[in-house]
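Q: Hi, I'm new to this one. Could you walk me through it?

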Amino acid sequence: FGVAPRKRPGPGAGEHLSVALADEITTALSRFRWLAVVSSASLARLDDPADTAAARRDLGLDLMLTGSVPAAPSAPPGASQVRVALSLLDLRADGEVVWAQRFDRDSGDIFALQDEVAAEVVARVDPEILLIEARRAEGRTPAPASAYDMLLRAIPALYRLDRIPFMEAGVLLAAAIAREPDYAAPHAWYAYWHMFLVGQGWADRAEEAMLQAGELAARAVALDPADARGLTIAGHVQAYLYRRHDQAIALHERALSVNPNLPMAWVFSGAAHGYAGRHAEAIRRIERYRRLSPMDPHAFLFETGLMTPHILIGEPARAVAIGEAVIAMQPRLTAAWKPYAAALALCGREDEARDASRRLLALEPGLTVAGF
């Protein structure tokens, strides 16, 4: 992976800012352990850092994030505003644009602008690249598949929550661990898979699944203690399955210190604070993901975390609104139907609450209040 300004630095302030932003984004992306990021210095040695053919040929890059900083045309006279225009290119597909976005910002504090844009860019690019790589892995010859390929094929099925592909994803993750026992990422994602297995009511032996989730998460952290995603998944296992809130929060804080731009870590740390009874802090942390990645492909799961804290601070109507949006995005997530049904009842919408409960029980027939 490489990050390059579209133009060589010149006398314009925008071109200097392009180079500074490229450096800042490169540093932020390097915090995502599953990405191999080429340094800005390596790209700068090319005759044209934005030459995709040369980057592919000389540096072996698969993906390149390019950008420019032209003046924002809508800025009124005297205003200090810039527009950052970014494109993610797949160099394996002749430089096809696979993602693009722009950011309009006040340039009054240039260092704050760099920090803010870099944080939002990497938070949005990370899940996009996961999806891109998963699609490519699905199209490759099935055998012999690497542990990395098997991992990429498994991840999308976790979020689709279609039971048969979900179970197949578990098989792939177990196979990835068997193929490369010292590869941390499959352990973390397999622990995450077990949490969904329990949460959806799909585990034949829930206690055994919970135990396995804990073992897998602990192994992931032991194999790579600097992987923020593995740390925050381990924290979520501790909070969600074991009610060990202090241990969970410590793991989440460590994850955020490693990578403060990981939306999942903000959401799961917020959930842990909510389980511990700090509902306002839970909402503040979970809402942080919206600023980083407002169009995140996993927003349905992240938004679900906001529902119970809003109920418990006396805002069930807000929880209902969130639940309606979540269910529209992913109607198979049982974790959303539970607080949604409760919030409807608390709002006096009893017929709708009964209907939500019926739909929940259709998804999770064995659910009981005591078991939950």
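A: Happy to, and let's start with a definition: when the angle between two helix axes is over 145 degrees, the pair counts as roughly antiparallel. One more thing up front: this is a predicted model.

Q: Good to know. Where does that cut-off come in, say for H8 and H9: at what angle do they cross?

A: Their axes cross at roughly 150° and come within 9 Å. H8 and H9 are therefore roughly antiparallel to each other. The crossing is left-handed.

Q: Which residues make that contact?

A: From H8 you have Met210, Ala213, Gly214, Ala217 and Val221, and from H9 there are Gly230, Leu231, Ala234, Val237 and Leu241. Sorted by type, the residues of this contact are eight nonpolar and two polar, with no charged ones.

Q: Let me zoom out for a second. How many helices and strands are there in the protein chain?

A: The protein chain has 17 helices and four strands. There are 372 residues in the chain, and buried ones make up 52% of them.

Q: And what share of the contacts links residues far along the sequence, 24 or more positions apart?

A: Taking the contacts with a separation of 6 or more, 57% are between residues 24 or more positions apart.

Q: Okay, back to helix pairs. How do H5 and H6 pack?

A: Their axes are 8 Å apart, at an angle of about 155°. That angle is over 145 degrees, so H5 and H6 are roughly antiparallel to each other. Here too there is a left-handed crossing.

Q: Who's involved on each side of H5 and H6?

A: H5 brings Ala147, Met150, Leu151, Arg153, Ala154, Ala157 and Leu158. On the H6 side, the contact is made by Pro165, Phe166, Ala169, Leu172, Leu173, Ala175, Ala176 and Arg179. The tally for this contact is 13 nonpolar, no polar and two charged residues.

Q: What sits in the loop between H5 and H6?

A: One residue to look at in that loop is leucine 161. Leucine 161 has a positive phi of about 55° although it is not a glycine.

Q: Is leucine 161 buried or exposed?

A: Leucine 161 counts as buried, because its relative accessibility is 1% and the cut-off for buried is under 20%.

Q: Where else could I find a positive phi in a residue other than glycine?

A: Try arginine 243, with a phi near 60°. Arginine 243 lies in the loop between helix H9 (228-241) and helix H10 (245-258). With 51% relative accessibility, arginine 243 counts as exposed.

Q: Let's go back to H5. How does H5 sit against H7?

A: The axes of H5 (residues 147-160) and H7 (residues 184-199) come within 11 Å and cross at roughly 20°. That makes H5 roughly parallel to H7. The crossing of H5 and H7 is left-handed.

Q: Which residues meet there?

A: Leu151, Ile155, Leu158 and Tyr159 in H5 meet a set in H7 made up of Ala185, Pro186, Trp189, Tyr192, Trp193 and Phe196. The residues of this contact are 10 nonpolar, no polar and no charged.

Q: What about the nonpolar core? How many residues does the largest one have?

A: The largest nonpolar core has 101 residues. Leu158, Tyr159, Trp189, Tyr192 and Met264 have the most contacts inside it. Helix H4 (residues 110-139) gives the most to this core, with 12 residues.

Q: What does tryptophan 189 touch, beyond its close sequence neighbours?

A: Leaving aside neighbours within four places in sequence, tryptophan 189 is in contact with Leu130, Leu151, Ile155, Leu158, Tyr159, Leu173, Arg229 and Met264. There is also a second, separate core of seven residues, which includes Leu43, Leu61, Leu89 and Leu91.

Q: Why would nonpolar side chains be buried together?

A: In soluble globular proteins, that is a general tendency of nonpolar side chains.

Q: Last one: is leucine 312 buried or exposed?

A: Leucine 312 is exposed, with a relative accessible area of 52%. You'll find leucine 312 in helix H14 (residues 307-312). Leucine 312 and glycine 274 are 38 residues apart in sequence and 9.3 Å apart in space, C-alpha to C-alpha.

Note on methods:
Residues are numbered from 1 along each chain as its sequence is written. This is a predicted model: local features need pLDDT of at least 70, side-chain atom pairs count only at pLDDT 80 or more; totals for chains, interfaces and linings use all residues. Side-chain values use heavy atoms; hydrogens and water are left out. Axes are lines fitted to C-alpha atoms, for helices over the stretch in contact, and angles run from 0 to 180 degrees between N-to-C directions. Helices (H or I, at least four residues) and strands (E, at least two) are DSSP runs, numbered from the N terminus. Angles under 35 degrees count as roughly parallel, over 145 as roughly antiparallel, 65 to 115 as roughly perpendicular and the rest as oblique. A crossing is left-handed if the near helix is turned anticlockwise from the far one by less than a right angle, and right-handed if clockwise. Contact means heavy atoms within 4.5 Å. Ala, Val, Leu, Ile, Met, Phe, Trp, Tyr, Cys and Pro count as nonpolar, Asp, Glu, Lys and Arg as charged, and the others, Gly among them, as polar. A nonpolar core is a set of buried Ala, Val, Leu, Ile, Met, Phe, Trp, Tyr and Cys residues joined through side-chain atoms within 4.5 Å. Buried means under 20% relative accessible area, exposed over 50%, partly exposed in between (1.4 Å probe, protein chains only).
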